[in-house]
Amino acid sequence: MPYVQETLNRLQKSSPGQTEFYQAAEEVLESIRPLLEADRRYLDANIIERLVEPERQIIFRVTWLDDKGKIQVNKGFRIQFNSAIGPYKGGLRFHPSVNASIIKFLGFEQTFKNSLTGLAIGGGKGGSDFNPKGRSSAEIMRFCQAFMCELYRHIGATIDVPAGDIGVGAREVGYMYGQYKRLTGSYEGVFTGKGINWGGSLVRTEATGYGAVYFAENMLNSINNSLDGKTCLVSGAGNVAIYTIEKLYQVGAKPVTCSDSQGTIYHPEGIDLALLKDLKEVQGVSLVDYLKTHPKAQYIAVADYPQDGQAVWRFPAQAAFPSATQNELTEADAKALLANGVICISEGANMPSTAKAIDLFIAAKIAYGPGKAANAGGVATSQLEMAQNASMTYWDFEEVDRRLHCIMQGIFDRSSETAKEFNEPTNLVLGSNIAAFRKIADAMIQQGAV
Ligand code: NDP
């Protein structure tokens with residue numbers, strides 16, 4: 001079937017230089033091949049061409065004043081990818097690496113992830129190349145307000161509901177929500193990840209990390225195994241990594257690493273979670289400061305690591321949780337993980353493993369949970385926040401966590417049953433992509449040429 005190459009050729013012409021987006025599209029297109037061969041309806045309805053083209057791409061200038069009174073300019077993005085099964089839903093990322101390719105790959109992945117949750121949410125993503133590092137709180141507020149001055153006209157509780165991602169946490173969501181309310185005069189559930197005292201949901205902060213661990217437990221339980229007693233590698237030191245580590249301790253596992261963009265901590269006794277939270281959530285400092293409290297832990301600076309890939313993947317362990325950023329786990333890292341005894345990988349980050357690394361995991365038939373399945377707990381809990389806002393109720397921590405648990409089990413079951421249906425029972429990349437695709441594509445066919 002030539003449609004994969006044809007589609008990629010077309011994308012390269014119409015959207016040049018978007019390598020991350022091609023990577024995300026190719027993975028999905030390759031893995032839905034067996035479905036397209038079995039059911040002609042999807043090609044006949046030209047679903048592929050429609051699915052890789054976002055419904056709307058908004059790119060705008062964000063002009064704001066820094067603390068010295070100088071005018072700064074950044075690029076803002078919101079890509080509304082697909083609304084076949086619900087309003088656009090997906091986070092905002094503030095990071096200097098943000099460009100159209102990154103936001104498009106994230107929006108494309110989000111569309112499939114949201115479908116997999118079984119909830120009525122379409123896919124979108126946005127952000128800016130603004131770098132919050134080193135900026136004062138006042139500068140961040142002014143940037144968020146300027147960003148929202150354009151974005152507000154494109155979003156709404158039943159239209160498009162943004163949330164956080166890298167560089168966007170509760171503080172930034174608060175500033176953007178405040179500005180939205182000032183501009184529209186409307187107090188509505190237009191954001192998720194809001195503060196608990198003004199419409200946020202309990203468990204939203206923990207949800208992505210907790211969900212990635214629940215997903216790993218689902219995968220291991222299905223082969224009569226569990227995380228109990230397992231040594232685990234975690235990358236990242238942000239929202240997803242911290243709550244992955246917290247849940248790993250709760251299920252009896254031992255996380256021994258974490259990392260940031262400067263370096264990796266290896267602490268064989270187990271990562272000191274309280275210290276990690278203090279360094280990253282309170283002080284906002286580099287992980288190298290971990291050594292002040294634990295001088296015997298090892299710190300490997302990125303600059304001192306000459307090999308291909310990352311130090312964080314080179315320690316003995318049975319499970320790994322990539323929780324930092326895209327393409328952070330290379331083919332060389334995958335070989336090291338497999339050689340060191342890893343039997344389970346659950347991706348908290350979006351597209352953290354390169355295509356070659358994924359090929360190795362699938363060939364080894366280990367329990368490999370791709371990001372769009374394993375990290376869907378965040379957006380699923382965002383949808384629970386929307387449901388609470390819409391019905392003007394609050395659920396307690398146990399209730400939201402119980403629902404998150406059920407949703408992660410549902411995602412695993414759907415992915416695993418679909419993988420079995422197509423005779424590749426351990427291939428959750430195939431299972432999750434086909435299950436997600438089928439729901440969106442069927443809705444698109446039923447809604448006609450729109
Ligand atoms: P945060 O901004 O809270 O944390 C990101 C962490 O990753 C930081 O420790 C950061 O280090 C580190 N990091 C970023 N880039 C690199 C790099 N190139 N090399 C090594 N470390 C790096 O973001 P989140 O935890 O929210 O997001 C992490 C990942 O999870 C992203 O891929 C995101 O898209 C995905 N995700 C997040 C969800 C959520 O609910 N937050 C939901 C689903 C997926 P430093 O501070 O030094 O830059």
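**Ligand environment and nonpolar core**

In the predicted model, an oxygen atom of the ligand is placed 2.7 Å from an N or O atom in the side chain of Lys133. A second side chain, that of Arg93, has an N or O atom 2.9 Å from an oxygen atom of the ligand. The backbone also takes part: an N or O atom of the main chain of Val240 lies 2.9 Å from a ligand oxygen atom. On its own, the ligand has 890 Å² of accessible area, of which the protein covers 83%.

The shell around the ligand comprises 23 residues, and those that come nearest are Lys133, Asp165, Thr208, Ser261 and Asn350. By residue class, twelve members of the shell are polar, six are charged and five are nonpolar. At least two shell residues are supplied by helix 9 (204-221), and at least two by helix 10 (239-250). Because residues of the shell are given both by domain 1 (3-189) and by domain 2 (207-365), the ligand lies between these domains.

Nonpolar packing was examined separately. In soluble globular proteins, nonpolar side chains tend to be buried together. In the present model, the largest nonpolar core contains 94 residues. Within this core, the residues with the most contacts are Ile32, Phe108, Phe215, Leu227, Phe321 and Phe437. Helix 18 (residues 428-447) provides the largest share of the core, with ten residues. Domain 1 (3-189) and domain 2 (207-365) each contribute at least three residues to this core. The two domains are thus represented both in the ligand shell and in the largest nonpolar core.

Note on methods: Residues numbered from 1 in each chain as written. Predicted model: local features only at pLDDT ≥ 70, side-chain atom pairs only at ≥ 80, totals over all residues. Heavy atoms only, no water. Near = heavy atom within 4 Å. Polar contact = N/O pair within 3.5 Å; in protein donor to acceptor, adjacent residues only side chain to side chain. Areas by Shrake-Rupley, 256 points an atom, 1.4 Å probe, with all protein chains shown as cover. Helix = DSSP H or I, 4+ residues; strand = E, 2+ residues; numbered from the N terminus. Nonpolar A, V, L, I, M, F, W, Y, C, P; charged D, E, K, R; others polar. Domains from an automatic or database assignment. Core = buried A, V, L, I, M, F, W, Y, C linked by side-chain atoms within 4.5 Å. Buried < 20%, exposed > 50% of the residue type's maximum accessible area, 1.4 Å probe, protein only.
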